[in-house]
Amino acid sequence: MLLSCLQNYIPPESLTLSCPVCRQTSILPEKGVCALQNNFFITNLMEVLQREPECSRPEACSVLESVSAAAAGKPLCCPNHEGKVMEFYCESCETAMCLDCTGGEHRDHMTVPLRDVVEQHKAVLKTQLDAIRSRLPQLTAAIELVSEISRQLNERKTDAVTEINSTFEELERVLHQRKTAFITDLENICSTKQKVLHAQLSSLLQGKEHIQSSCSFTEQALSHGNATEVLLVQKQMSERVTALARHDFPEKPHQNAHLDCQVETEGLRRSIQNLGVLLTTSAVAHTSVATGEGLRHAATGQHQTITVTTKDKDGELVRTGYAVLKAEILSADGNRAAETEIMDNKNGTYEVGYTLRSEGEYSFCLLLYGQPICGSPFRLRAVKPSDVPQSPDDVKRRVKSPSGTGGHIRQKAMRRPSSMYSTTKKKENPIEDELIYRVGSRGREKGEFTNLQGISASSNGRVVVADSNNQCIQVFSNDGQFKMRFGVRGRSPGQLQRPTGVTVDMNGDIVVADYDNRWVSIFSSDGKFKNKIGAGRLMGPKGVAVDKNGHIITVDNKACCVFIFQSNGKLVTKFGGRGTSDRQFAGPHFVAVNNKNEIIVTDFHNHSVKVYSADGEFLLKFGSHGEGNGQFNAPTGVAVDANGNIIVADWGNSRIQ
């Protein structure tokens with residue numbers, strides 16, 4: 001029955017089978033559906049269920065109990081050999097079979113009695129069932145959480161629609177009020193002007209009428225009156241005509257017709273078109289991170305800040321602000337220990353500040369949309385300022401390093417000539433050198449170098465090199481072809497004095513550590529200067545890298561510490577100091593960041609490589625002074641490949657490890 005269903009379901013010419021339930025695609029055998037293997041477990045289980053009486057207990061109908069019934073019921077027949085009972089199990093094919101099958105296609109396979117593996121398989125299935133059942137509470141909680149977020153989202157959408165309708169209805173009411181008032185003002189102005197004009201018009205009409213009647217009467221008397229009548233009215237008419245001739249009539253307009261309506265709508269139209277903004281982000285808590293020394297350490301009475309970088313579900317940086325972030329610092333008894341303030345940088349990052357007044361252990365909780373961000377809550381310890389370890393002053397004694405700088409050491413690193421790394425070492429390190437290609441030669445022209453320091457590969461297939469003594473950055477293709485160079489010697493912003501470290505950030509900008517200018521310069525991909533950061537803080541920046549939060553990690557060779565900056569130059573945190581302990585350095589050189597966002601630093605004079613978390617917590621170190629495998633003699637460059645392998649330039653031993 002199932003065979004015919006599949007034959008009807010799958011097109012005759014199809015080479016694959018898409019499961020109707022889970023949609024997983026499988027390759028069909030050459031002979032099609034009929035060549036698919038039988039699932040004996042299912043067919044046997046169907047037989048068991050068909051011959052089981054109606055179950056009085058629903059829980060007794062589980063798969064495992066059906067298998068138990070199969071084991072306890074009558075023997076199951078082999079589908080390939082009629083009348084033969086399946087008594088054996090092939091471990092290679094994971095299927096049951098009869099005695100004849102063991103001598104057929106399974107003759108070279110490991111077979112065991114079926115009864116010996118039933119209990120074993122039941123135990124394995126029960127263990128697997130227990131394992132997945134233990135996840136049910138987590139999934140239930142996750143379903144409730146996501147459902148609640150979905151409910152809140154719909155609720156906020158409804159509230160927003162209500163607010164939008166209310167706002168625009170209010171705007172319509174205000175517009176209607178303004179329209180009515182506007183028309184009323186227009187009517188009033190027009191009425192006032194008309195009163196003046198009507199009064200003038202009345203006076204003029206009255207004067208015209210008087211003149212016309214006087215003229216008519218006088219002309220009538222002159223034309224038809226006798227001498228006596230003319231003499232009798234002459235004096236009266238003469239006075240009246242004279243008075244009308246001298247009368248000052250209001251012949252000039254007492255008002256004007258100026259009444260225009262001017263409504264400036266362009267600005268208002270633009271405002272209306274841009275009226276309102278929808279605030280949302282794709283930030284989620286479990287991928288968002290916090291960095292800064294103030295996450296775990298604080299000095300009482302001193303203001304501390306940490307940086308929260310928000311990310312979406314895929315770990316990509318969120319570039320907008322307005323996320324709902326909450327910060328709480330709780331004492332051991334659960335009471336709030338300090339007020340926190342949050343500053344939204346409007347670029348997906350947030351500054352959280354606080355000041356603790358008392359020493360002790362605290363819990364630092366950071367919640368994004370009510371959920372703890374990665375690593376929250378953090379254990380925070382506050383001590384007196386006098387108990388905070390201080391970095392020692394700069395030590396004047398130096399030993400020459402590849403860049404002509406260095407720091408206090410106990411043993412000078414010596415560069416071994418390449419001949420010393422010869423066949424005797426091949427026994428310890430059997431990997432043969434296999435040069436793919438080399439780029440450049442000594443000189444000052446394009447594609448030539450005088451003192452290479454930093455090198456970085458970008459995601460768009462370019463190799464960027466910091467040429468320290470030529471005071472420039474050179475760019476090559478992945479196959480070593482010269483593309484461009486930029487850089488002007490000088491100590492002004494945008495100029496290079498001694499470029500050492502170089503890296504390419506996620507925007508394609510080229511980030512350059514300038515040792516002598518004591519800052520980090522940022523250039524566009526085509527070499528145009530954009531910004532400089534770290535001026536006034538850095539003493540001798542050497543290596544530089546960019547982490548997954550977009551932060552610029554800078555190794556300060558002179559100060560023996562690591563600075564972490566935002567791309568706009570704001571200091572996130574710094575760690576380190578001169579010394580030999582885990583959190584100290586002796587002339588650190590370069591830095592790399594792995595796919596876990598961990599910071600990897602080469603410690604030149606301590607002959608080791610040290611690994612720290614994204615906020616500067618020490619994780620591990622490796623290496624010691626020597627020439628053997630895993631040992632270093634003044635390591636300099638460091639990189640991490642796609643598999644997380646750490647590649648170190650062992651400068652004093654003239655090799656890569």
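## Secondary structure and an unusual peptide bond

Strands are DSSP runs of E with at least two residues, and they are numbered from the N terminus. The model described here is predicted. With this numbering, Pro377 is placed in the loop between β14 (371-372) and β15. The peptide bond that leads from Ser376 to Pro377 is cis, and its omega is near 0°.

A second loop to note joins β11 (340-344) and β12, and Lys346 is placed in it. Lys346 is a residue other than glycine, yet its phi is positive, near 65°. Its side is not closed off from solvent: Lys346 has a relative accessible area of 44% and is therefore partly exposed, since that class lies between the 20% and 50% limits.

## The hairpins around β30

Strand β30 (residues 608-612) is mostly covered, with five of its five residues buried. In a regular strand, side chains alternate between the two faces of the sheet. In β30, Ser608, Lys610 and Tyr612 point one way, whereas Val609 and Val611 point the other way, and all are buried. On one side, β30 pairs with strand β29 (residues 599-603) over five bridges in the antiparallel sense. Within this pairing, Ile600 has Val611 of β30 as its bridge partner. Strand β30 is also joined to strand β31 (residues 618-622), by four bridges and again with an antiparallel run. Here Val609 has its bridge partner in β31, namely Phe622.

The two hairpins each contain a residue with positive phi. Between β29 and β30 there are four residues, and His607 has a positive phi near 50°. His607 lies in the loop between these strands and is not a glycine. What is the relative accessibility of His607, and how does it count? At 5%, it falls under the 20% limit, so His607 counts as buried. Between β30 and β31 there are five residues, and there Gly616 takes a positive phi near 95°.

## The four-stranded sheet

An open sheet is formed by four strands in the order β16-β17-β18-β19, with antiparallel pairing. Its edge strands, each pairing on one side only, are β16 (452-457) and β19 (482-486). On average, and with direction ignored, neighbouring strands of the sheet are turned by 20° against each other.

Strands β17 (residues 462-467) and β18 (residues 472-477) run antiparallel and are joined by six bridges. Asp467 has Cys472 of β18 standing opposite.

## Nonpolar cores

In soluble globular proteins, nonpolar side chains tend to be buried together. The largest nonpolar core in this model has 25 residues, of which Val308, Leu356, Phe364 and Leu366 touch the most other members. Two or more residues of this core come from each of β6 (284-291), β8 (303-311), β9 (325-330), β12 (349-355), β13 (360-368) and β15 (378-383). Strand β13 gives the largest share, four residues.

When its neighbours within four places in sequence are left aside, Val308 is in contact with Val289, Ala290, Leu325, Gly348, Thr349, Tyr350, Val352, Leu366 and Ile373. A second core, separate and of 14 residues, includes Ile564, Val572, Phe575 and Ile599.

## Aromatic pairs

Rings are paired when their centres lie within 6.5 Å, and by this rule there are eleven aromatic pairs. Why is the pair of Phe476 and Phe482 edge-to-face? The ring centres of Phe476 and Phe482 are 5.8 Å apart and their planes stand at 75°, over the 60 degrees required, so the pair is edge-to-face. Phe476 is buried, with a relative accessible area of 3%, whereas Phe482, at 29%, counts as partly exposed.

Phe563 and Phe565 form a stacked pair, with 5.8 Å from centre to centre and 5° between the planes. Phe563 counts as buried at 3% relative accessibility, and Phe565 is buried at 0%. One aromatic cluster is formed by Phe575, Phe585, Tyr612 and Phe618. Of these residues, Phe575 is included in the second core, and Tyr612 is one of the residues of β30.

## Annotated repeats

The UniProt entry, which is unreviewed, lists residues 438-479, 483-526, 527-568, 572-615 and 619-657 under "repeat: NHL". In the model, the span of residues 619-657 is 0% helix and 44% strand, and its end C-alpha atoms lie 21 Å apart.

Notes: Residues numbered from 1 in each chain as written. Predicted model: local features only at pLDDT ≥ 70, side-chain atom pairs only at ≥ 80, totals over all residues. Heavy atoms only, no water. Buried < 20%, exposed > 50% of the residue type's maximum accessible area, 1.4 Å probe, protein only. Pairing = 2+ DSSP bridges. Axes fitted to C-alpha atoms, helices over the stretch in contact; angles between N-to-C directions. Core = buried A, V, L, I, M, F, W, Y, C linked by side-chain atoms within 4.5 Å. Contact = heavy atoms within 4.5 Å. UniProt positions renumbered as here; feature names shortened; annotations may be inferred. Phe/Tyr/Trp six-rings, centres within 6.5 Å; stacked < 30°, edge-to-face > 60°.
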